[in-house]
Amino acid sequence: MNKISTLLLLFFVCLSSFAQEVDEKEKEKALRSSTNFTWDGNKALSEDNFIAAEADYRKAIAKSSENSAAPYNLGNAYYENETYNEAFGRFKEAGEASTSKTDKHKAYHNMGNVFMKRKDYAKAVEAYKEALRNDPTDEETRYNLALAQELLKKDQDENKQDKDDKDKDKEENKDQDKKDEGDNEDKKDQGEDGEKGDEGDKDEENKDDNKEGEGDKESDQKKKPEPGEGNNEQNQQQPKPNQLSKQQVENLLRAMQNAEKKVQDKIDAKKVKGAKIKNEKDW
């Protein structure tokens with residue numbers, strides 16, 4: 001029983017080793033085929049045949065995931081055609097497939113370049129830093145990192161200034177709104193006071209009118225004789241409304257006579273003096 005178990009175990013070990021060898025051979029074969037398609041793509045790209053190059057690179061990527069050159073070269077082709085989204089995806093794929101630091105450095109460096117084109121400077125800084133972690137000696141990556149950091153700082157300063165300006169405008173608008181509300185309240189108070197003052201004046205006027213009316217009534221009541229009082233002859237001599245009294249008629253006649261006398265005196269005086277003489281001078 002133990003011998004059978006040992007034989008079975010040896011069989012499975014051999015089978016596993018054989019399978020691994022077959023798998024390794026298949027991977028090597030796939031990688032060689034992928035590499036060949038990559039070379040074809042490079043050739044087509046050198047001849048400015050982007051469509052053929054893109055097709056060959058895609059075939060190479062489909063054949064083997066271990067071929068980091070195919071996605072990297074396809075990423076460069078997209079980058080040259082300004083298709084930056086596609087380029088970034090292929091550079092990222094190359095960085096994940098790369099086993100050497102040199103290849104990883106190139107992939108992350110180019111990812112940083114894509115972020116710079118997008119003006120996403122924060123992500124560009126991180127990509128360049130990752131590239132330098134794989135190759136600290138690359139001066140071009142270091143220069144790009146410094147440039148990305150400078151542009152990022154400039155953007156942050158501008159954004160901060162814009163935010164400060166917006167906050168300032170917001171505060172000024174708040175202050176203006178408060179001022180307008182205060183002015184409206186003052187106008188409202190003045191209007192209410194004015195209305196109250198007018199009403200008070202009207203009340204005072206009405207009170208004065210009432211007092212005057214009451215005074216006139218009292219005066220009329222005092223002047224008006226009570227029934228049965230006074231002399232009947234005096235009552236008869238009083239003129240009716242809109243009718244002149246006897247004394248007023250005599251006064252008017254006397255005034256008219258005096259006026260006529262003055263006019264006659266002027267006429268008699270002119271007769272005595274004679275006509276006005278005109279003096280004419282001889283030459």
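Okay, let's start at L253, which sits in helix α9, residues 246–273. How exposed is L253? It's partly exposed, with a relative accessible area of 48%. And L253 has company: together with V249 and M256 it makes a nonpolar surface patch of about 270 Å². Before I go on, keep in mind that this is a predicted model.

Let me step back to the whole chain. We have nine helices and zero strands, so if you read the elements from the N terminus on, you just get α-α-α-α-α-α-α-α-α. The chain has 283 residues, and buried ones make up 19% of them. The accessible surface comes to about 23200 Å², and carbon and sulfur atoms account for 49% of that. As for contacts, take the ones between residues at least 6 apart in sequence: 46% of those join residues at least 24 apart.

Now the charged side of things. Which residues gather in a patch of negative charge on the surface? Quite a list: E158, D162, D165, D169, E171, E172, D175, D177, D180, E181, D183 and E185. Pick D169 as an example. D169 is in helix α7, which covers residues 139–223. D169 has a relative accessible area of 42%, so it counts as partly exposed.

Staying on helix α7, there's also a salt bridge, between the side chains of D157 and K153, at 3.2 Å from N to O. Those two are four residues apart in the helix, about one turn. D157 is partly exposed, at 40% relative accessibility.

How many salt bridges does the structure hold? Six. Another one is in helix α6, where E130 and R133 are three residues apart, again about one turn of the helix. Their side chains meet at 2.7 Å, N to O. The two partners fall in separate exposure classes: E130 is partly exposed at 27%, while R133 is exposed at 52%. Then there's E47 with K43, where the closest N and O atoms are 2.9 Å apart. K43 is exposed, with a relative accessible area of 51%.

Right after that, have a look at the backbone. D48 is in the loop between α1 (2–46) and α2 (50–63). D48 isn't a glycine, yet it has a positive phi of about 60°. Is D48 buried or exposed? Exposed, with a relative accessible area of 73%. K119 gives us another case: a positive phi of about 65°, and not a glycine either. You'll find K119 in the loop between α5 and α6 (121–134), and at 59% relative accessibility it counts as exposed.

Next, a residue from the inside. H105 is in helix α5, residues 101–117. Why does H105 count as buried? Because its relative accessibility is 6%, and the cut-off for buried is under 20%. What is H105 in contact with, leaving aside neighbours within four places in sequence? A131, N134, D135, D138 and T141.

Last stop, helix α4, residues 84–97, where K92 lies. K92 is partly exposed, at 41% relative accessibility. K92 and Y108 are 16 residues apart along the chain, and their C-alpha atoms are separated by 7.4 Å.

That's my tour, thanks.

Key: Residues numbered from 1 in each chain as written. Predicted model: local features only at pLDDT ≥ 70, side-chain atom pairs only at ≥ 80, totals over all residues. Heavy atoms only, no water. Patch = residues over 30% accessible without salt bridge, like charges linked within 9 Å, V, L, I, M, F, W, Y side chains within 5 Å. Areas by Shrake-Rupley, 256 points an atom, 1.4 Å probe, with all protein chains shown as cover. Salt bridge = Lys/Arg side-chain N within 4 Å of Asp/Glu carboxyl O. Lys, Arg positive; Asp, Glu negative; His and termini not counted. Charge placed at Lys NZ, Arg CZ, Asp CG, Glu CD. Buried < 20%, exposed > 50% of the residue type's maximum accessible area, 1.4 Å probe, protein only. Contact = heavy atoms within 4.5 Å.
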